[in-house]
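Please open the model in your viewer and keep the sequence panel visible. The tour below proceeds by selection, with a short account of what is found at each stop.

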Amino acid sequence: MNTTHITTEKDLTLYNEKKPLATSINIWTISDDDLFIDPLSYYSEQWSNAHFTFLNFEDYCNKLKNQSNYVKPDLVIIDAKSDWVNISNNLKKKISKSLPILLITDDTNTEILRNALKLEIKDVLSIPFDESELDNLIIKCSELKSINRKQAKTSIFINAKGGMGASIIATSISHILALDGELTVLIDPDAQFGSSSGLLSLIPKYILSDALQQVNTLDEIAISGILTKHDSGLRFIPNRSDHLYDSINDINEQAFGDFLAKLKGSHEHIIIDLSRGLEKQTLPAVADADNVFIVIQQNIPAIKEASILIKQLKHLFGFNQEKIKVIVNRYSKNIDINPDEIKKSLHISDIILVPNDYISVSSSTNLGELLATHFEKKPIVKTLKEITSIITNKYTVEENGFKKVFSFFRR
Ligand SMILES: Nc1ncnc2c1ncn2[C@@H]1O[C@H](COP(=O)(O)OP(=O)(O)OP(=O)(O)O)[C@@H](O)[C@H]1O
Ligand SMILES: [Mg+2]
């Protein structure tokens with residue numbers, strides 16, 4: 001009978017907390033044997049941000065079956081007494097070819113080592129091993145994750161005036177990104193009129209002010225728990241709660257900035273619905289934005305407000321024109337103010353025209369029928385997909401080389 005014996009210089013009862021890792025990691029251990037699991041379970045308690053999930057073979061099979069419903073592991077520890085060759089093959093196929101796997105065995109024969117090499121197993125530890133060997137593997141895994149981690153791109157949709165369509169556009173774009181497999185989070189900071197929950201037909205688990213109150217203690221795993229998940233894979237967090245009548249969901253500017261920084265480490269895209277325009281408490285989102293989409297319609301007051309907003313963005317944040325894109329929502333050829341006039345008055349060379357589509361948008365807002373799934377063939381969805389391509393930086397290939405999809409909008 002073999003026990004996962006971790007020898008340490010210290011007496012087990014004197015276990016200390018280990019130093020927090022560079023970035024939190026998620027570790028699965030797979031074994032059916034309590035004698036293997038117990039020492040690792042005890043060991044795991046020393047880490048504040050290495051999160052261990054102990055799985056027997058059946059749990060592991062169930063987890064892999066329901067792929068969208070778990071946080072992917074950064075390291076998997078497998079008991080060599082299990083069917084580790086098949087498990088490793090399967091994990092590499094289903095999760096990632098480069099997933100680090102650690103095999104723990106009390107019988108290090110050449111056959112095991114040969115197989116481990118073939119399967120690109122990261123390391124094999126023979127029982128008994130020194131605790132520091134496992135520590136080092138975990139630390140390296142966390143450092144690697146931190147180095148490889150890309151930072152999410154932030155795109156904000158900001159209304160030049162109330163009711164221009166920032167919410168329907170921001171929500172639809174987030175949904176399209178998620179359908180395209182991009183790890184996306186939608187934030188709707190509007191505590192009073194926020195409409196993203198309605199558009200997505202979801203009741204949020206937590207709201208933004210809950211997250212901001214505990215921002216200092218949130219790591220990726222806790223963040224993933226605080227966000228509400230849509231079937232498309234989209235994560236979202238609103239700030240509106242319809243059942244709390246004794247408080248106003250305030251946003252602390254500093255905490256909001258910290259929350260965004262944390263989200264950036266674990267997502268590809270952050271989309272923020274700034275329906276209410278520029279507000280002090282949401283300024284960290286603006287300061288951090290890679291893309292600023294200003295939403296207007298074909299009317300003089302909206303164009304005037306957009307002109308002021310563009311000047312504010314340039315002066316307050318030093319944004320260049322590249323970053324700022326103007327969306328003319330509910331565009332119709334029948335309205336007197338044409339795209340050239342709008343471009344001229346805003347001193348811009350491109351605008352994005354989102355067609356007026358009362359039927360599709362009303363179904364979306366009234367019945368929660370998301371545009372990209374229920375009205376896929378409509379011109380409005382085609383344009384929204386093109387905005388998504390701007391965010392993902394995907395280019396269309398033209399005969400004479402690469403051409404940005406943005407040129408589509410030059411009419
Ligand atoms: N492209 C469109 N075609 C037709 N109707 C639209 C379009 N875009 C928006 N609308 C209508 O405008 C209304 C307002 O849209 P939305 O809630 O997205 O605007 P908003 O700018 O977020 O508003 P608020 O300032 O209240 O947050 C929606 O109820 C929808 O019916
Ligand atoms: Mg809105």
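Does S174 count as buried or exposed? The model is a predicted one, and in it S174 counts as buried because its relative accessibility is 0%, where the limit for buried is under 20%.

**First stop: S174 and its surroundings**

Select S174, which is found in helix α6. Leaving aside residues up to four places away in sequence, display its contacts: S174 touches T184, L186, L234 and I271. Keep I271 in view, since a later stop returns to its strand, β12.

**Second stop: the whole chain**

Now zoom out to the full chain and colour by secondary structure. There are 16 helices and 17 strands. The chain has 411 residues, of which 51% count as buried. If a surface is displayed, the exposed area comes to about 20,700 Å², with carbon and sulfur atoms supplying 50% of it. Among contacts with a separation of 6 or more, 77% are between residues 24 or more positions apart.

**Third stop: strand β12**

Select residues 269-274, which form strand β12. This strand is mostly covered, and six of its six residues are buried. Rotate the view to inspect both faces: H269, I271 and D273 lie on one side, I270, I272 and L274 lie on the other, and all are buried.

Next, add the neighbouring strands. Strand β8, residues 153-159, runs parallel to β12 and is joined to it by six bridges. Within this pairing, F157 has D273 of β12 as its bridge partner. Strand β9, residues 184-188, also runs parallel to β12, with four bridges joining the two. Here I187 stands opposite I272 in β12.

**Fourth stop: ligand 1**

Select ligand 1 and the residues around it. Which residues come nearest to ligand 1? Of the 18 residues around it, these are N159, G163, G165, S167 and I168. By class, the shell comprises seven nonpolar, nine polar and two charged residues.

Then turn to the backbone atoms that approach the ligand. A polar backbone atom of M164 is 3.0 Å from an oxygen atom of ligand 1. At I168, a backbone N or O atom lies 2.8 Å from an oxygen atom of ligand 1. At D357, the corresponding partner on ligand 1 is a nitrogen atom, and the distance from a backbone N or O atom is 2.9 Å. Taken alone, ligand 1 exposes 630 Å², and the protein buries 79% of that area. The elements giving two or more residues to the shell are α6 (166-179), β14 (324-331) and α14 (358-367). Helix α6 is also the helix in which S174, the residue of the first stop, is found.

**Fifth stop: N26**

Finally, select N26 in strand β2, residues 25-30. Why does N26 count as buried? N26 is buried because its relative accessible area is 5%, against a limit of under 20%. Show its side chain: one of its polar atoms lies 3.3 Å from the backbone oxygen of K72. Expanding the selection to contacts, and again not counting residues up to four places away in sequence, N26 touches H51, T53, V71, K72, P73, D74, L75 and I221. K72 thus appears both in this list of contacts and as the residue whose backbone oxygen lies 3.3 Å from the side chain of N26.

Terms used: Residues numbered from 1 in each chain as written. Chains lettered and ligands numbered in written order. Predicted model: local features only at pLDDT ≥ 70, side-chain atom pairs only at ≥ 80, totals over all residues. Heavy atoms only, no water. Near = heavy atom within 4 Å. Polar contact = N/O pair within 3.5 Å; in protein donor to acceptor, adjacent residues only side chain to side chain. Areas by Shrake-Rupley, 256 points an atom, 1.4 Å probe, with all protein chains shown as cover. Nonpolar A, V, L, I, M, F, W, Y, C, P; charged D, E, K, R; others polar. Buried < 20%, exposed > 50% of the residue type's maximum accessible area, 1.4 Å probe, protein only. Pairing = 2+ DSSP bridges. Contact = heavy atoms within 4.5 Å.
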